[in-house]
Amino acid sequence: MRRMTRFNAVVKNVRPRTLLVSPLSYCVGVAVAGHRFDLTVLFGVLFHVLAPLAANAYNAVTDLVEDGKNVPGRLKLVETAGEGLLNRVLYTCLGVMLLLSLLISFAQTLLWVFSVFLVLGYSSKRFRLKGRPVIGMAVFSMAVTEPYIAGALLGDSWWEIPHYDSYQPVALGVFLFCWYFAKGIMKNVPDYAGDKEAGLRTIPALLPSQLAGAWVAAVATTLVYAAFPVLVLLADMPDRLAYVGVMVIPAVANMVSMVRARTPVEYNLVGQRDMYVSVLFLGLLLFAVRPSVGTALIGLLAVAVMAWADLSGSDSRVSRHITRLDAKVDISSGEGRDR
């Protein structure tokens, strides 16, 4: 029973619902490269599931101060899982990622080094890149940009990379970077109070109020979604990609909810809905780049995994963990560490 409780705590800390945008973005890059969906691509998908999984495990043990304010229930989950076990999850994932990258390609092996820096540098106490307003958001944006680049560089042999005759793949990569940069601003709005208390200089935390941060996030999100059809037109991409721009409607509706939110739970629900919008956007983009039954099923599977995670409560940011006040862990003494 104790092992199952501990396992469930680990699952909630690694947050399955947040592990989908990276592999979806990778698949978009693969489709842009014109590579068939084979065993090598499956290895790449697994690589880009493990990367955010490792990052989430690491964040759980490095973000105790701000989580004590933002997600108090997560402290109890970390205590139950044990910081030692979460660290072992982190390094096991990085090791498996290295093995996978060696099986995939030379380019992916080089990107593994970059991925390790992203995973460790974002939250580590030494670098704490997440606490820097622009650099932090740029690193966060790599959650979709690096997988897209990895997929777009996938060739027919281990050494080979595709040759592109147009700038369209680069333009799409730049858009994905900007798109997730805006999402990064949004995801820091619910954490305004805890980030300020922890001294993190995120973009919302630099503003005079949480409402001001919500407005900045809303404007940035609206602009980036509205810009996608314009990009399709200016970059002379296939017309069918413009239909993905329909996601501006749920995105803006969710941002309206953000500027109207007043409680931690309301802000948190906005963030949860935004992940659905992000997964649907990438799923539609994948289908638009390569229309097929297979790509449609990939998008539907991603939505199904999110729905399962939410229905089963397999996430550390469910509402009960936002409002929980009895989850106190002595951070300074290291209580909750795995001995």
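Leu211, Trp215, Val219 and Leu223 together make a nonpolar surface patch of about 400 Å² in this structure, which is a predicted model. One member of the patch, Val219, lies in helix 11, spanning residues 210-234, and with a relative accessibility of 46% Val219 counts as partly exposed, because that class takes in values between 20% and 50%.

Helix 11 also holds Thr221, and here the setting is a buried one, since the relative accessible area of Thr221 is 4%. If neighbours within four places in sequence are left aside, the residues in contact with Thr221 are Ala182, Met186, Ala251 and Met255. Helix 11 therefore carries both a partly exposed residue, Val219 at 46%, and a buried one, Thr221 at 4%.

Helix 14 can be described in more detail. It comprises the 20 residues 293-312, for which a rise of 1.5 Å a residue leads one to expect a span of 28 Å, and the C-alpha atoms at its ends are indeed 28 Å apart, so that expectation and model agree. Buried positions in helix 14 are Thr295, Gly299, Ala302, Met306 and Ala309. These residues cover an arc of only 85° around the axis, and they therefore sit on the same side of helix 14. On the face turned away from that buried side, helix 14 carries the exposed residues Val293, Leu297, Leu300, Leu301 and Leu311. The cover over the buried residues includes helix 2 (21-33) and helix 13 (264-289).

Within helix 14, Thr295 can be followed individually: this residue is buried, with a relative accessible area of 2%, and, apart from neighbours within four places in sequence, Thr295 is in contact with Phe37, Leu286, Phe287 and Arg290. Just after the end of helix 14, Gly313 adopts a positive phi of about 70°.

Another buried position is found in helix 8, residues 133-152, where Gly151 has its place; the relative accessibility of Gly151 is 0%, and Gly151 accordingly counts as buried. Outside the four places on either side in sequence, the contacts of Gly151 are with Tyr26, Gly29, Val30 and Ala33. Gly151 and Gln108 are separated by 43 residues in sequence, while their C-alpha atoms are 8.8 Å apart in space.

Two loop residues deserve a separate comment on their backbone. Most residues other than glycine have a negative phi. Arg15, although not a glycine, has a positive phi of about 55°, and Arg128, likewise not a glycine, has a positive phi of about 45°. The table sets out where each arginine lies and its relative accessible area.

| Residue | Phi | Location | Relative accessible area |
|---|---|---|---|
| Arg15 | about 55° | loop between helix 1 (2-14) and helix 2 | 15% |
| Arg128 | about 45° | loop between helix 7 (106-123) and helix 8 | 18% |

Arg15 is buried at 15%, and Arg128 is buried at 18%, because a relative accessible area under 20% is the condition for that class.

Note on methods
Residues numbered from 1 in each chain as written. Predicted model: local features only at pLDDT ≥ 70, side-chain atom pairs only at ≥ 80, totals over all residues. Heavy atoms only, no water. Patch = residues over 30% accessible without salt bridge, like charges linked within 9 Å, V, L, I, M, F, W, Y side chains within 5 Å. Areas by Shrake-Rupley, 256 points an atom, 1.4 Å probe, with all protein chains shown as cover. Salt bridge = Lys/Arg side-chain N within 4 Å of Asp/Glu carboxyl O. Helix = DSSP H or I, 4+ residues; strand = E, 2+ residues; numbered from the N terminus. Buried < 20%, exposed > 50% of the residue type's maximum accessible area, 1.4 Å probe, protein only. Expected span 1.5 Å × (residues − 1). Arc of directions from axis to C-beta. Contact = heavy atoms within 4.5 Å.
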